[in-house]
Amino acid sequence: MATRPQIAAEKKKKIEITNKTRHPYQTNNATKLSHKVREIEIEREREMGSLLGDWPSFDPHNFSQLRPADPTAQPSKLTPVTYHPTHNRTIPPPNQVITTESKNILLRQFYQKSEEQLRPKTKRAASESLMPEHSCKQPRGLNSDA
Amino acid sequence: MFRSNNLTARIFERQILTPRPGTSINLFRHFYENVCPSHTVHDIDCPDLSFRKFTDDGQFLIGFSRNHQDLVVYRPSWLNYSCKGECPYSLDLPPKARRFDSFFRHLFTISLASANEFICKDFFLYVDPYRFGLFATSTAQVNDNAASADGAIHGVPSIEKITFHLVRLDDGVVLDEKAFYNDFVNLAHSTGAFLYDDLLCIVSLRYQTIHILQIRESGNLVEVRRIGPYCQEDDELFLQSHAQVSPGSSFLPGIKQRLLSFIFRKTWNEEADQSMRVQHLKKKFYFHFQDYVDLIIWKAQFLDRHHLLIKFGSVDGGVSRNTDQGLSFFAVYNMETTEVVTFYQNSSEEMYSFFERFYDFFNSVSRNTLHAQYISSHTNNSHALNQLLNIKSKSGSFSQFVKKMMLTIPYTCQSHSPSPYFDLSLFRYDDKLISAIDRHRHSTEHPIKFISLRQPNVVKFKIKPGAEGGGPDGGRAKKVSSFLFHPYLPLVLSIQQTYMQPTVVNLHFKR
């Protein structure tokens, strides 16, 4: 990428060239010269791929640092940083579908209490407490880390 | 939360504020703190009607004629006027403002009741999605305590004819009617009926039946189910074709069968020791067997489309409206499986814990109706919960307190006004003088103050129900007042009725 001094030097060189090749009968047309310089600069920017293309700008060196976006890439399709879990304890079951429970919470409480009321109570209450309450939870150490 | 109390500042803030997810309506309701009924027109010149209420979507004002035979419907609108040249804010309102029809446009008057019938003034249910209104007319009540042959029970009075009318409120066309003969339905304050979406349940006390009706979009009232003597649709056919029933004996009603079998199974499973089970059953179940059989249905409500919450009690408490804190029971009944899900006594602590934690689910409406989700209760509002816990700690006996709270269950449909001025997260007001429940109250001479919650010293607006200057007799006669709040406009009608004197109607609105 050309730096500013280089651009300035090239500009100067071009001006000198045009000055030398000027016909003696040609008038000293400063505006013609500045146009030519401008064209060169625009071409330079285009080569560098300015984000603004050929939009008019106060200083063509503004935004010269920016790299243009690839026109084929969509900004929404940015690939996020991927995360690889180190264990498989929190993997959801395959083909899991999450839906809203049709019974509201009050009815769920009623049904739960009703099940408790109608469940036959046995004298061996101690053995019941050994049964795990949440069968979905797995004890640690059974699964080896992935 | 808005940073300032000033209306203009709040409007600017609203342009840039993003409320927390799901709370945008809660936040914008705070604008009602700035827009309050500030001006009162006392004793507005209105037709002599008994106004019932504004419909919950704010589209109609329902009133009945004094002879209880006609229905009159108005549409609430707003006063508009113009003045020449500069219009300073302090300009007096034009005389147009004192007229009732500047605020309400008369839509229609239809006659619902024929010669010997009367419209029940207290009964009105609004079917929101279709804009239908359900009204009830009845003939005179006959206190006939003798049970008739066809299954009516003792102790419940009888009305010769009760008719439910379904009226389309847009134009006043009576779409359908459903009549009950020699029956009794508790029509006061719509307690005998419950509307859930398009399902209507009507409790017939005399025949101990719950009628489930569906309101179709075309306006037809279709009977879907009848629960009471039989639970399933084909029970009656089955019994008549199979059972050899001698004339003397009879089966218990279907719902009673289900209830007793549930109580039996529950009592059987309560006792762990097998040998003691029969004893336990004798003590808990068979000893009270006749009491259970004698229970009658008092009230029912929908919990969702398939479940009913039914309140059972003794015969003498069903009709009277006194707050008798005797024994009553709650049962949850599944209409599809015809099973009783649970059964509780009214002093049960478990039932009270559901009441405290899930009261909003007793006020069951489908999720489509937006306004009903913002009615303050002790479940969704911390101030109301504090009030409840205060009462709980102050009450002497916990079981008495529980029984008193259980009087509000089953919920009475559409009894709370959805007006944001009753929202306990916005305003504080005296519960005894005015509240969201539309009941008549004894009126006081002092204006009723609504104080903003966030600024405890600022009275946002006052409602003075009486006539300007206290009335001609100096306020000695007993007065009863009722308030009709529009659901979303700052418009309130306060109606004061004095014995032997004309009714005074005041209009409170924001200038």
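# A tour from the core of chain B outwards

Start by selecting Phe164(B). Outside the four places on either side in sequence, Phe164(B) is in contact (heavy atoms within 4.5 Å) with Phe123(B), Leu134(B), Phe135(B), Ala136(B), Asp176(B), Glu177(B), Lys178(B), Phe180(B), Val185(B), Leu187(B), Ile202(B) and Leu221(B).

Before you go on, two notes on what is on screen. This is a predicted model, in which local features need pLDDT of at least 70 and side-chain atom pairs count only at pLDDT 80 or more, while totals for chains, interfaces and linings use all residues. Residues are numbered from 1 along each chain as its sequence is written, chains are lettered from A and ligands numbered from 1 in the order in which they are written, and side-chain values use heavy atoms, with hydrogens and water left out.

**The cores**

Now add Phe110(A) and Ile210(B) to your selection. Together with Phe164(B), they touch the most other members of the largest nonpolar core, which has 84 residues. Such a core is a set of buried Ala, Val, Leu, Ile, Met, Phe, Trp, Tyr and Cys residues joined through side-chain atoms within 4.5 Å. Buried means under 20% relative accessible area, exposed over 50% and partly exposed in between, with a 1.4 Å probe and protein chains only. Colour helix 7 of chain B (residues 349-362) next: with seven residues, this helix supplies the largest share of the core. Helices (H or I, at least four residues) and strands (E, at least two) are DSSP runs, numbered from the N terminus.

For another core, apart from that one, pick Phe54(B), Tyr74(B), Phe100(B) and Ile495(B), which are among its 22 residues.

**Aromatic pairs**

Turn on the aromatic side chains. How many aromatic pairs are there over all chains? A search of the whole structure finds 51. Rings of Phe, Tyr and Trp (its six-membered ring) pair if their centres lie within 6.5 Å; planes under 30 degrees apart count as stacked, over 60 as edge-to-face and the rest as tilted.

Zoom in on Tyr292(B) and Phe329(B), an edge-to-face pair with 6.1 Å from centre to centre and 65 degrees between the planes. Tyr292(B) sits in helix 6 (residues 289-293) of chain B and Phe329(B) in strand 18 (residues 328-334) of chain B, so the pair links parts of the chain 37 residues apart. Tyr292(B) is buried at a relative accessible area of 14%, and Phe329(B) is buried at 8%.

Next, select Tyr359(B) and Tyr411(B). Their ring centres are 6.3 Å apart and their planes stand at 75 degrees, so this pair is edge-to-face. Tyr359(B) belongs to helix 7 of chain B, while Tyr411(B) lies 52 residues away in the loop between helix 9 (398-406) and strand 20 (427-428) of chain B. Both of these tyrosines, Tyr359(B) and Tyr411(B), are buried.

For a whole cluster linked by ring pairs, show Tyr32(B), Tyr421(B), Phe422(B), Phe427(B), Tyr429(B), Phe450(B), Phe461(B) and Phe485(B).

**Lysines over rings**

A charge sits over a ring if NZ of Lys or CZ of Arg is within 6 Å of the ring centre and within 35 degrees of the ring normal. Select Lys103(A), which lies over the face of Tyr111(A) at 4.1 Å from the ring centre. Then go to Lys178(B), over the face of Phe180(B) at 5.5 Å from the ring centre.

**Strands of chain B**

Switch to cartoon view. Two strands pair if DSSP finds at least two bridges between them. Look for the open, antiparallel sheet of five strands in the order 1-26-25-24-21 (chain B). Its edges are strand 1 (39-41) and strand 21 (441-442) of chain B, each paired on one side only. Within the sheet, six bridges join the antiparallel strands 25 (residues 491-498) and 26 (residues 504-509) of chain B. Here Leu491(B) stands opposite Phe509(B).

Move on to strands 14 (residues 209-215) and 15 (residues 221-227) of chain B, an antiparallel pair with six bridges. They form a hairpin with five residues between the strands, and Gly219(B) in the turn has a positive phi of about 100 degrees. Leu213(B) has Glu223(B) as its bridge partner.

**Chain A and confidence**

Finish by colouring on pLDDT, the predictor's confidence in each residue, from 0 to 100. Chain B has a mean of 85, with 92% of its residues at 70 or more. Chain A averages 67, and 40% of the residues score at least 70. Chain A has four helices and zero strands. Confidence in chain A is highest in helix 3 (residues 105-118), at a mean of 90, and lowest in helix 4 (residues 125-128), at 46. Last, select residues 124-136 of chain A, where pLDDT stays under 50 and the model has one contact beyond four places in sequence.
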